[in-house]
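The following exercises concern the arrangement of secondary structure in a single model. Each task is followed by a solution in steps.

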Amino acid sequence: MKRMMAYKQMHSFLSEVWKLYSGYAEKDLDDNDLDRFREDVQTISEKYQDYAFAIPVLVELVNEVERIVNVKRKK
């Protein structure tokens with residue numbers, strides 16, 4: 001059963017998500033960068049796998065970074 005995150009765990013998780021987003025969203029990413037991004041997401045996912053909140057947030061993070069990459073590549 002998935003647990004709720006305590007305040008400190010939530011803060012840590014959201015901080016990691018923000019660092020990941022800010023580290024990749026501003027760059028012009030190539031396919032290797034996207035692979036590294038996905039590996040980093042997987043690492044966070046494994047760390048917080050017992051918390052129901054984590055997976056939907058990470059899925060949306062991946063969707064958003066991929067959307068940004070696609071927009072930049074179309075320019």
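The buried residues of helix 1 pack against helix 2 (31–47) and helix 3. The model is a predicted one, and the exercises below examine this packing.

**Exercise 1.** Describe the overall architecture of the protein chain.

*Solution.*
Step 1. The secondary structure consists of three helices and zero strands.
Step 2. In sequence order, the pattern is α-α-α.
Step 3. Along the principal axes, the C-alpha atoms occupy a box of roughly 45 × 20 × 15 Å.
Step 4. The chain has 75 residues, of which 29% count as buried.
Step 5. Taking contacts between residues at least 6 apart in sequence, 77% connect residues at least 24 apart.

**Exercise 2.** Determine where the buried residues of helix 1 lie around its axis.

*Solution.*
Step 1. Helix 1 contains 19 residues, and the distance from its first C-alpha to its last is 26 Å, close to the 27 Å expected at 1.5 Å a residue.
Step 2. Residues with under 20% relative accessible area count as buried; in helix 1 these are Phe 13, Val 17, Leu 20, Tyr 24 and Ala 25.
Step 3. These residues cover an arc of only 105 degrees around the axis, and therefore lie on the same side of helix 1.
Step 4. The face turned away from this buried side bears the exposed residues Tyr 7, Lys 8, Trp 18 and Lys 19.

**Exercise 3.** Establish how helix 1 is oriented relative to helix 3, and characterise their contact.

*Solution.*
Step 1. The axes of helix 1 (residues 7–25) and helix 3 (residues 54–74) come within 11 Å and cross at roughly 10 degrees.
Step 2. Angles under 35 degrees count as roughly parallel, so helix 1 is roughly parallel to helix 3.
Step 3. Helix 1 contributes Phe 13, Val 17, Leu 20, Tyr 21, Tyr 24 and Ala 25, which meet Ala 54, Val 57, Leu 58, Leu 61, Glu 64, Val 65, Ile 68 and Lys 72 of helix 3.
Step 4. Sorted by class, this contact comprises 12 nonpolar, no polar and two charged residues.

**Exercise 4.** Carry out the corresponding analysis for helix 2 and helix 3.

*Solution.*
Step 1. The two helices pack at an angle of about 170 degrees, and their axes are 10 Å apart.
Step 2. Angles over 145 degrees count as roughly antiparallel, so helix 2 is roughly antiparallel to helix 3.
Step 3. On the side of helix 2, the contact involves Asp 31, Leu 34, Phe 37, Arg 38, Val 41, Ile 44 and Ser 45; helix 3 supplies Ile 55, Leu 58, Leu 61, Val 62, Val 65, Glu 66, Val 69 and Arg 73.
Step 4. By class, the contact has 10 nonpolar, one polar and four charged residues.

**Exercise 5.** Identify the buried and exposed sides of helix 2, then locate Val 41.

*Solution.*
Step 1. The buried residues of helix 2 are Asp 33, Leu 34, Phe 37, Val 41, Ile 44 and Ser 45.
Step 2. Viewed down the axis of helix 2, they fall within an arc of 120 degrees, so they line one face of the helix.
Step 3. On the other side of helix 2, the exposed residues are Asp 31, Asn 32, Glu 39, Thr 43 and Lys 47.
Step 4. The cover over the buried residues of helix 2 includes helix 1 and helix 3.
Step 5. Val 41, a residue of helix 2, has a relative accessible area of 9% and is therefore buried.
Step 6. Apart from neighbours within four places in sequence, Val 41 contacts Leu 20, Leu 58, Leu 61 and Val 62.

Conventions. Residues are numbered from 1 along each chain as its sequence is written. This is a predicted model: local features need pLDDT of at least 70, side-chain atom pairs count only at pLDDT 80 or more; totals for chains, interfaces and linings use all residues. Side-chain values use heavy atoms; hydrogens and water are left out. Axes are lines fitted to C-alpha atoms, for helices over the stretch in contact, and angles run from 0 to 180 degrees between N-to-C directions. Helices (H or I, at least four residues) and strands (E, at least two) are DSSP runs, numbered from the N terminus. Angles under 35 degrees count as roughly parallel, over 145 as roughly antiparallel, 65 to 115 as roughly perpendicular and the rest as oblique. Contact means heavy atoms within 4.5 Å. Ala, Val, Leu, Ile, Met, Phe, Trp, Tyr, Cys and Pro count as nonpolar, Asp, Glu, Lys and Arg as charged, and the others, Gly among them, as polar. The expected span of a helix is 1.5 Å times one less than its number of residues. Buried means under 20% relative accessible area, exposed over 50%, partly exposed in between (1.4 Å probe, protein chains only). The arc is that of the directions from the helix axis to the C-beta atoms.
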